[in-house]
Structure formats: C-alpha cells, structure tokens
Amino acid sequence: MKFFAVLFAVIFGTLAICLAEIITLPFVGVLVRFRANYSPKGLQLDAEGGAQPHAGPVVTSYFAMFKRVLQLEGWKGLYKGLMPSAISTFVVSAFLWAYIGTMVPRGTGRYSAPAGSPLEIFVYSVFITLLGLPVTILINRAITTPYYLPWFNVKYALGRLFTPTELRKPWLLYLTPGLLGAKVMHVGYIVLILRTFRSLLLPSVDKISSGDMERGSGMVIPPDFTPFRIITYLVIAGLSTVILCPLEVITTRLSLQRNHPSSTAFEAVPQEEQEPENQYAGSEDVIGLRNEFDPYVGFTDAAKRMVDEEGWRALYRGWWITMFAGLMSAFT
C-alpha cells in the first residue's frame, strides 16, 4: 500500500507541476521578454564609432509585450521554454520532498523558502542557487531566442542557446559577470529576510507547509493570523519589491550574455548544427537585445548602465508582478 501511495503522490505531483507550468509559463515568458528588451533613450555607436538611433522595438508595458508576442509568434511562442521550466520545477519539488519533506507543491514558491531546520534551509539555499543559475540561463535564452527549438533535438537546441565555449566548459556559466552575485542576493533576501519575518509573524504557515500542524475537519484560522501580523508582513513583502525587482531585471539581462573565449572573439555554430533555421517571427524580432560587442561587465555596471541608457524605470519593469508574488508568500 505504501508503494502505491508514493506512486500516486509522484503521479499527482508531476501532473500538478505540468498544469502549473502550462498556466503560468505564458505570463512568465512575457515578463522575461519585457525585462530583457533593450530600449535605450539616446543614440548608439556603431562599429565605426558613428552615432545612430536605436532600431529595436520600443515596448512600454507588460501588456503591450504580451500583445506583441501573440502577433509575431502566436500561442506557440508563449510556451517557449516549457520543457526546461517543467523539468527544473520537478527537480526542485522532488528535492524538497525527498530531503526536507515539504509537501508538494507547497513551499516551492519563488518568494518563500520551505520550512525546515537551519541546516536544511542552508542546503536548500545552496542547492537552489547552484541549480537556479544555469536553469535561469537556459530558460531565459529559450524564451528570448527567435529560433524554433524542437523538444527532442537536444543537440540543436543547446547549440542555439549556448556558445561552443559554454558547451565545452559549462562551469563558465557560473562565471558570467555579475550573475552569480545577483542570484545569491535574490535567494539570500528571500531566505534570510522574508522567511525570517514570516517565521516571526506567521509561524503557522511553516507548520502547515511542513505538515506539523494537524488539520481539523473544519476551517480553522491559526491563532497567529491576526490582522496586525498579516498586514505587517504584507507591508514588508510589498516594500521588498524595491530590492527584489531590480535584482530580477538585472538577472534577466545578465543571463542572456553569452560567454565567448574573449571579448572580441565570437564563435560560429558548426554547420551541421545550423539546421533547421525555423524562426517564430520571421524577419522581425520580438525584442531587442544588447549588442554582444558591448556587454555588461558586472552587476554594478549593469545597474548603472541600465539607468544611464534606459532610465531607472527599466529596473522596475513588471514590478507589480514581483509585488504580487511577494504578497502571496504570506500564504504559500
């Protein structure tokens, strides 16, 4: 009976993860594109040092980007990155369930750390950071690439998303300028700040997530769910948007910067990996990316140049989505 119970839980958890990805991925994909879109206000310099206006798309809102994706790529474009996103979510959920014992899918939210001992939370933080960095790169590049990536042609897909240098030396992904620091700060803030305040103000959430709190037959409101405690945590989570949103925007930009042997050497994809060349949007790009000849050289440089070139609002693209997710961490 225990075997069938575990089997049922695995099947149910897998189906729940797939359903969640199908529902959320279109919105996440549009957010990634919106934050990745490079739209400087001033003139740009060409290869010869001459000034020329930026020719990329100017998209001023999340919903305008949603409309643009539908127009140029259709519904299929909204599900770019589905395979790596679903697999990574399944791996994280399996790790939480097997190691920490957190109920699936509870406790796997991006803005809430699972309940557990300090050692378990530390291991979770290291695991989610080490796994999250290459996964973030993979998913973001899969979402923003103009090329159609077959699900079962892994060699072609990886050749399109990663440079030959990155494929030969995958550890270079962790050396992408500024990206590891941005991930550490994002995970650290969630685990050390948001989780600490939630544990102090709403400890019943951790008990429910870990299964320590028994559930009665009726609807029972935990005693610590007082208006003052809930409002206090919601205010803290809402104000955290000021820190978390820029970290997410900068992480998106840095994850799209490809690693080459040097700043001036760019590698061509081998001829046998260049087919098929199917594109979602034809000749028109959905978004504009920063020139690879002029990359960000670190976290601070990315933040400074984004503000200088695109304005401070570029760091807060999709801020309301980050705020909503942070507020929901009070109950997940």
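Here is a friendly exchange on burial and salt bridges in the structure above.

Me: What kind of model is this, and how are residues numbered?
Reply: This is a predicted model, where local features need pLDDT of at least 70, side-chain atom pairs count only at pLDDT 80 or more, and totals for chains, interfaces and linings use all residues. Residues are numbered from 1 along each chain as its sequence is written, and side-chain values use heavy atoms, with hydrogens and water left out.

Me: What makes up the secondary structure of the chain?
Reply: There are 12 helices and 2 strands, in the order α-β-β-α-α-α-α-α-α-α-α-α-α-α from the N terminus. Helices (H or I, at least four residues) and strands (E, at least two) are DSSP runs, numbered from the N terminus.

Me: Why is lysine 80 called buried or exposed?
Reply: Buried means under 20% relative accessible area, exposed over 50%, and partly exposed in between (1.4 Å probe, protein chains only). Lysine 80 has 4% relative accessibility, so lysine 80 counts as buried. Across the chain, 44% of the 332 residues count as buried.

Me: How do you know that lysine 80 and glutamate 73 form a salt bridge?
Reply: The term asks for a side-chain nitrogen of Lys or Arg within 4 Å of a carboxyl oxygen of Asp or Glu. The closest N and O atoms of lysine 80 and glutamate 73 are 3.0 Å apart, and the pair forms a salt bridge. Glutamate 73 has a relative accessible area of 9%, so glutamate 73 is buried too.

Me: How many salt bridges does a search of the whole structure find?
Reply: The search finds 13 salt bridges. One of them joins the side chains of arginine 290 and glutamate 309, at 2.7 Å from N to O. This pair links distant parts of the chain, with arginine 290 in the loop between helix H10 (241–255) and helix H11 (299–310) and glutamate 309 in helix H11, 19 residues apart. Arginine 290 has a relative accessible area of 14%, so arginine 290 is buried.

Me: Which parts does the pair of arginine 305 and aspartate 294 tie together?
Reply: The side chains of arginine 305 and aspartate 294 meet in a salt bridge at 2.7 Å, N to O. Arginine 305 lies in helix H11 and aspartate 294 in the loop between H10 and H11, so the pair ties together parts 11 residues apart in sequence. At 17% relative accessibility arginine 305 counts as buried, whereas aspartate 294, at 36%, is partly exposed.

Me: Which residues are linked in a network of salt bridges?
Reply: The network links Arg290, Asp294, Asp301, Arg305 and Glu309.
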